[in-house]
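Subject: The structure I promised

Hi,

Here is the structure we talked about. Have a look at it first, then read my notes underneath.

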Amino acid sequence: MEREVSDGDVLVIGGGISGLTTAVEAAEAGCKVILVEKEPSLGGKVARNNKYYTKLCPPSCGLEINFKRIKRNPDIQCLTLAEVEAISGGEGNYEATIRVNPRYVNDNCTACGECAKVCATEIPNEFNYGMDKRKAAYLPHLMAFPMRYVIAPEIIGTDEAKKCLKACKYNAIDLDMKQESLKVKVGAVVVATGWDPYDATKIDNLGFGKCPNVITNVMMERLASPSGPTKGKIVRPSDGKEVKNIIFAQCAGSRDENHLPYCSGVCCLASLKQATYVREQYPDAKATIFYIDVRALGKFEDFYTKVAGDENVSLIKGKAAKVEEDPATGDVVVEVEDTMKGDKIRVRAEMVVLATGMVPRAPGSNINVTYDEFGFIVSDPSRRGIYGAGCVRRPTGVAQSVQDATGAALKAIQSIVRR
Amino acid sequence: MDKKVGVYICTGCEIGESLDVPALSKVATSEYKVPLCKNHPMLCGKEGSSLINSDIEKEGVNTVVIAACSPREKTDVFSYDPTAVCMERVNLREHVVWCHPSQEEDTQMLAEDYLRMGIIKAQKMAPLEPFSEEMEEINKTILVVGGGITGMTAALEAARAGYDVVLVEKASELGGWMKRLWKQYPKSPPYLELQPTGIDETIGEVMSQTNIKVYTGAKIEKTAGAPGLFDVTISQNGKSETVRVGAIVEATGWQPYDATKLGSLGFGKYPNCVTGIMVEEMAAKGKFTRPSDGREAKSWAFIQCAGSRDKDHLPYCSSYCCLASLKQAKYIREKDSDAKVYILYKDIRTIGQYEIFYKKVQEDPGIFLTKGEVVGISEDAENSLVIDVDNTLLGEKIQVKAEMVVLATGMVPQAGIEAKEVIPQEAEKTCEEKKEEEKELPTDIIIPSDILNLEYRQGPELPALRYGFPDSHYICFPYETRRTGIYTAGCVRQPMDSAACMDDAAGAALKAIQCVELTAQGKALHPRAGDMSYPELYMSRCTQCKRCTEECPFGMYNEDEKANPLPNLTRCRRCGICMGSCPERIISFKDYSVDIISSMVKAIDVPEEDEEKPRIVAFLCENDAYPSLDIAGRKRLSYNPYVRVIPLRCLGNVNLVWIADALGKGIDGILLIGCKYGDDYQCHFIKGSELANYRMEKIKETLDRLRLESDRIRILELSLGEYDKLPGIFDDFLKKIEEVGPNPYKGL
């Protein structure tokens, strides 16, 4: 099937909350937008979050309204499973080469799910950070946009794929789908490629990858989500035991010369929020947060005050130095260094959440932008026409990403005005 | 318009297998005498959709009822010009066959009711007409209020996008607080060195832009009108001038927290206790001298969170003070390498790349960072200050002696500062009863800050949520205030530093541009951007009860002297909350009205009591509860088949007449499911869900009048993520209804 994509005003790379916001904000100001997302659905990291701090509202609500805005707006073209390979030209006159990977499912898909019913092969569920498996014919997530299934490349060429094909009543599966390369002309580009969680296996001393009951903050979001691997029940990975005593280790690999020297700005609030997940599920549970500084800026301070006021939540200044497993119980023992006193304390818990930071996801060397030494895109007045938005510019939360993306939409419009 | 209805039933996705489609079609053709009723195994496919399109073109069908999947799906396929075709979708897939047993009587009855409700709605809808043609020309000039870094940036960003800008600053020159700073902390790589503020360059740029008109030493006396049509009276040098603008960016910034309230920290008591902004002045002069004796101070102590993160002063964190003090410590150290600087803090909050600068300051051997709580301060014979610090990391009390103390005071939003002249409150109501009623109505906080002086019935400034910051849904729609077309940016919105202010300014400028562009096309703004429907008032039945003018969360209505509502359509967000407020039911949209929903309720087929099939009407907010039920369908969660769902733009649309109609019809129970409200509200229209709750109080009266039990009505809050709770909510309510017994009005 030949894909039809028409030229636009603004190319937005990345369909997470920043890219999504840039696209709808620019389109509602009258621009024609092409939104390119690498994954099979828009939504990025926020789609994987259980709740937003500090309102504790579900990100699905924010996605719903943004998807509604896209559905209503004919000026936005969305390409999923797509990546920008190269951009040539200059401000006002770019040509982008976009590679679209095969979904093996076309626009006929009604998301009825018959293909998944017959598919027996399971693949690691990357949406849940590999904590469970999913069918090789799958819907990316419950709020997926576009609402279409995907046939994983792993089963292409197998009988399994043919079974899926046969199960589909709507001629929606096309196993011969090939990678496509498209060229579009645009006037401006907004890079909103977001972030990756810092690889916790690199933090040797904190036990991730060695102790099953040491998880990261992004995994905790999936564990607490009703659509996650445990249907929202917070249990230990090793034995499925309810977690009544949990430790959050802040700045895991952050503010650390050996890992990420900067602060990711969101982890304090994320852990405070995650402490409320545990406290809500288990009324007698205890949560301990080890921190260097609690960074709850602006009105978020209220949330910090509220959570800190819970007598079952303890906040202790100190950086986790070592995490080890007690093989007999599967519990985790955290050694905390009090740098001022030089003392060490050891605390036992059933599970540890590492508050890992954000690593900017660089769009690649084929896009002409300026980076700082950490890989964040820096505003460069001498290079107009390509702009960063959201966490690819600086580590930041959802609210500020929305704010930043809205501004990026205007920068893009200015490039078009200058055209 | 003569309506010709076509009903199209999709039999795909298990619909055909689960339902008796011929019987369903008969509802359309026999009961509703619909001229065209067709079914297709894949209505969303090319063949299916062209079936509908060709009926529109060739058969003159102008009203389309699509009974298939959720209206949230396949929107690209089922898309028609709303000015020519009325379209309604009936959710047979997610809400019927995916969550109820196949080929069962109750499932079939559910589908048939939904089809009835869909057909009657479509029949009653009218094509949309944008209102713009009847209006005066929409002005696209952007007014920016405030000439600090945020306001100037907003003005420049809008001007660079080709828009005319009017910039009003109350001081005699542009620049705001940035103008008073000596340097700024590092904002660009490698994030190590202090940087010039660059404010003079920004001022120069503003002054040189031909499409920015600057008023300094000016204030806004009055803002009348509505988006696209604002008439703003600006006074300058004793003269007044009225300019027309399309949208407004309020970037009026902040004031430092009043240090005289911090007597306990020594300000005003000890001459050598100063504030951060005073240090900037010293730095600009290049003299870090003591006010008491003019001698250069050799030791300094910065007290962080002076009056911040403090329930007796500012409970929030002002975000910039840690960095400002680190910067000022560098000023002092760069000037005098012998000076010692103590920074006494609760937490150092240097997020993102600012951490790099913090790290550098920490390496300075003359700067001492101490976590602790300042519990006392006194002065010695040399006018130096002795600070008692408790709860330090060492667990003991320490004393810090310094020749100078700097209080890092926080930010108070200008919008939160009451102007001296207090605007008189609305005249007292004469009728006691009305006063009673008004007490219950959730009230808004409007602080007369003398910024915009809006000629709005609901008050002169933007409503605030907490601490004087104008209210917005601060996560998802940070710029939207409670007044359409007026966007806040910078520190008036929330505490932030200048880099964040500049980003924020660009965003607010974009929102202002969207406002003028969409308004010029007669379309709604966020969150119903692009909607062309708008409320029309049948004024001859208005009783001047003022409910619409009081309850609109966006202040859409003004009032004339006889208390008639005066709609300002470009202020309208099309939420329909006024429609719910009106006891006379005079407010309608062409595609959405009290009558339309009433008719849907009345279209439900209510079985006789002896059939033991109760009926529940569930009004669901279309933004959260309705998609949540779609997800429940997708997850194949099964629930009670006696519930009939009606989606609403907002739960605040619920008009009491719907409740009366439902009960009068013999419906056994009514569920209202809206978004969470309160301080952490999730309602897209801010007040809708809360107002619905307030109005439900009135329902008790209605029920008493009808001699019915109040248990028949239940109102709940649900967020989109709680789809798994919906089946339980329905079952639980049904159980209650069974206890209460059948509606005695059944069959009457």
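Below is what turned up in three places. Keep in mind that this is a predicted model.

Let's start with a helix in chain A. Helix α6 of chain A covers residues 267-281. With 15 residues at 1.5 Å each, this helix should span 21 Å, and its end C-alpha atoms are indeed 21 Å apart, so the two agree. Twelve of the 15 residues of α6(A) are buried, which means the helix is largely enclosed by the rest of the structure. Among those buried residues are A:C267, A:L272, A:Y277 and A:V278. What covers them? Chain A itself supplies a good list, including α5 (217-224), α7 (301-308), β14 (245-252) and β20 (351-356).

Next, the place where the chains meet. Here 65 residues of chain B are in contact with 61 residues of chain A. On the chain B side, α6 (149-160), α10 (354-363), α12 (498-520) and α16 (625-634) each supply at least two residues. Which of them gives the most? That's α12(B), with eleven residues. The chain B residues on this side divide into 31 nonpolar, 18 polar and 16 charged.

Last, one residue to click on: B:V166, in strand β6 (residues 165-168) of chain B. Buried or exposed? With 22 other C-beta atoms within 10 Å, B:V166 passes the cut-off of 20 or more, so it counts as buried. Beyond its neighbours within four places in sequence, B:V166 is in contact with B:T141, B:L143, B:K213, B:V243 and B:V245. B:I248 is 82 residues away from B:V166 in sequence, yet their C-alpha atoms are 9.5 Å apart in space.

Cheers

Conventions. Residues numbered from 1 in each chain as written. Chains lettered and ligands numbered in written order. Predicted model: local features only at pLDDT ≥ 70, side-chain atom pairs only at ≥ 80, totals over all residues. Helix = DSSP H or I, 4+ residues; strand = E, 2+ residues; numbered from the N terminus. Expected span 1.5 Å × (residues − 1). Contact = placed C-beta atoms within 7 Å. Nonpolar A, V, L, I, M, F, W, Y, C, P; charged D, E, K, R; others polar.
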